[in-house]
Amino acid sequence: ALSQATPLQLDAQYGAADLKVLSSPSMREPGVVGIWRPRLLLPEGIVQRLTPAQFRAVIAHELMHVRRRDWLHTIGEELWCAVLWFHPAARVIAARLALARETVVDEATIRLTRDRRAYAEALLAFATQQPHLPGVIALIGRRQLSQRIALIAEEEVMNRRRLTVSL
């Protein structure tokens, strides 16, 4: 994906000035690559497929992974799974840790962008785009993706109820 990538210039409004952003035709969903010099790798044409609010949420989500240094956790989990390859619980626990990490980043993204709907729509756009190809969404599973979206939507419903009650 990196060998086919071309630089992508983002507006300052996305807050990715300190991160090199690349676009690649072989990427299905956004991701951060690199340990010492992280780069944001985006699918080619993503800017045209998403609304500005959805794209802003995607960038915020990936930047949150960079700021949290989630690559360290991922490497640790992969090493742990490699050592315990024979134990069935190893992959189950790794999948749950990945879901927990994504849930934390989801909440941070929502706090930053304040647009739950756009963020949920962006997640759905990636999930429905090419369902036969493996990716992070495939790794965490469709069921877990629907749990993430339900949590995002549930909080939006709860916020509306609080607003109605307080009025």
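Reader: Let's start broad: of the 167 residues of the chain, what percentage counts as buried?
Author: This is a predicted model, where local features need pLDDT of at least 70, side-chain atom pairs count only at pLDDT 80 or more, and totals for chains, interfaces and linings use all residues. Numbering runs from 1 along each chain as its sequence is written, and side-chain values use heavy atoms, leaving out hydrogens and water. Buried means under 20% relative accessible area, exposed over 50%, and partly exposed in between (1.4 Å probe, protein chains only). By that yardstick, the buried share of the 167 residues is 37%.

Reader: What pattern do the helices and strands follow along the sequence?
Author: Helices (H or I, at least four residues) and strands (E, at least two) are DSSP runs, numbered from the N terminus. The chain has 7 helices and 4 strands. Reading along the sequence gives β-β-β-β-α-α-α-α-α-α-α.

Reader: And of the contacts between residues at least 6 apart in sequence, what percentage joins residues at least 24 apart?
Author: A contact here is a pair with heavy atoms within 4.5 Å. Counting just those between residues at least 6 apart, the share that joins residues at least 24 apart is 54%.

Reader: On to the sheet: what's the strand order?
Author: Two strands pair if DSSP finds at least two bridges between them. The sheet is open, has 4 strands and shows mixed pairing. Strand 1 (6-7) and strand 3 sit at the edges, each pairing on one side only. Put together, the order is 1-2-4-3.

Reader: Do strands 2 and 4 run parallel or antiparallel?
Author: Start with the other pairings: strand 1 and strand 2 are antiparallel over 2 bridges, and strand 3 meets strand 4 antiparallel through 3 bridges. Strand 2 and strand 4 are joined by 5 bridges, with lysine 20 standing opposite arginine 39 in strand 4. Their sense is parallel.

Reader: Which helix packs on that sheet, touching strand 3 and strand 4?
Author: Strand 4 is mostly covered, with 4 of its 5 residues buried. The helix that packs on the sheet touches both strand 4 and strand 3, and spans residues 52-68. That's helix 2.

Reader: Serine 23 caught my eye: is it buried or exposed?
Author: Serine 23 is found in strand 2 (residues 20-24), a strand in which 4 of the 5 residues are buried. Threonine 6 stands opposite serine 23, and the residues that serine 23 touches, not counting those up to four places away in sequence, include Ala5, Leu8, Leu42 and Pro43. Because its relative accessibility is 7%, serine 23 counts as buried.

Reader: Which residue takes a positive phi in the hairpin of strand 3 and strand 4?
Author: The bridge between glycine 31 and leucine 41 belongs to this pair of strands. The hairpin has 5 residues between the strands, and isoleucine 35 lies in that loop. Isoleucine 35 counts as partly exposed because its relative accessibility is 37%. The phi value in question is near 100 degrees, and its owner is glycine 34.

Reader: How many salt bridges does the structure hold?
Author: A salt bridge is a side-chain nitrogen of Lys or Arg within 4 Å of a carboxyl oxygen of Asp or Glu. One of them joins arginine 28 and glutamate 29 at 3.8 Å, N to O. Arginine 28 counts as buried at 5% relative accessibility, and glutamate 29 is buried too, at 8%. The total comes to 7.

Reader: Which residue is the salt-bridge partner of arginine 91?
Author: The N to O distance in this pair is 3.9 Å. It links distant parts of the chain, 13 residues apart: helix 4 (residues 88-113) supplies arginine 91, and helix 3 (residues 70-83) supplies the partner. At 42% relative accessibility the partner counts as partly exposed. The residue is glutamate 78.

Reader: Why are glutamate 121 and arginine 117 separated by about one helical turn?
Author: These two form a salt bridge, with the closest N and O atoms 3.1 Å apart. Glutamate 121 is partly exposed at 33% relative accessibility, while arginine 117 is exposed at 53%. The one-turn separation arises because, within helix 5 (residues 116-129), they are 4 residues apart.

Reader: One last distance: how far apart in space are leucine 145 and alanine 127, C-alpha to C-alpha?
Author: Leucine 145 sits in helix 7 (residues 142-166) and counts as buried because its relative accessibility is 4%. Along the sequence, leucine 145 and alanine 127 are 18 residues apart. In space, C-alpha to C-alpha, the distance is 8.3 Å.

Conventions. Axes fitted to C-alpha atoms, helices over the stretch in contact; angles between N-to-C directions.
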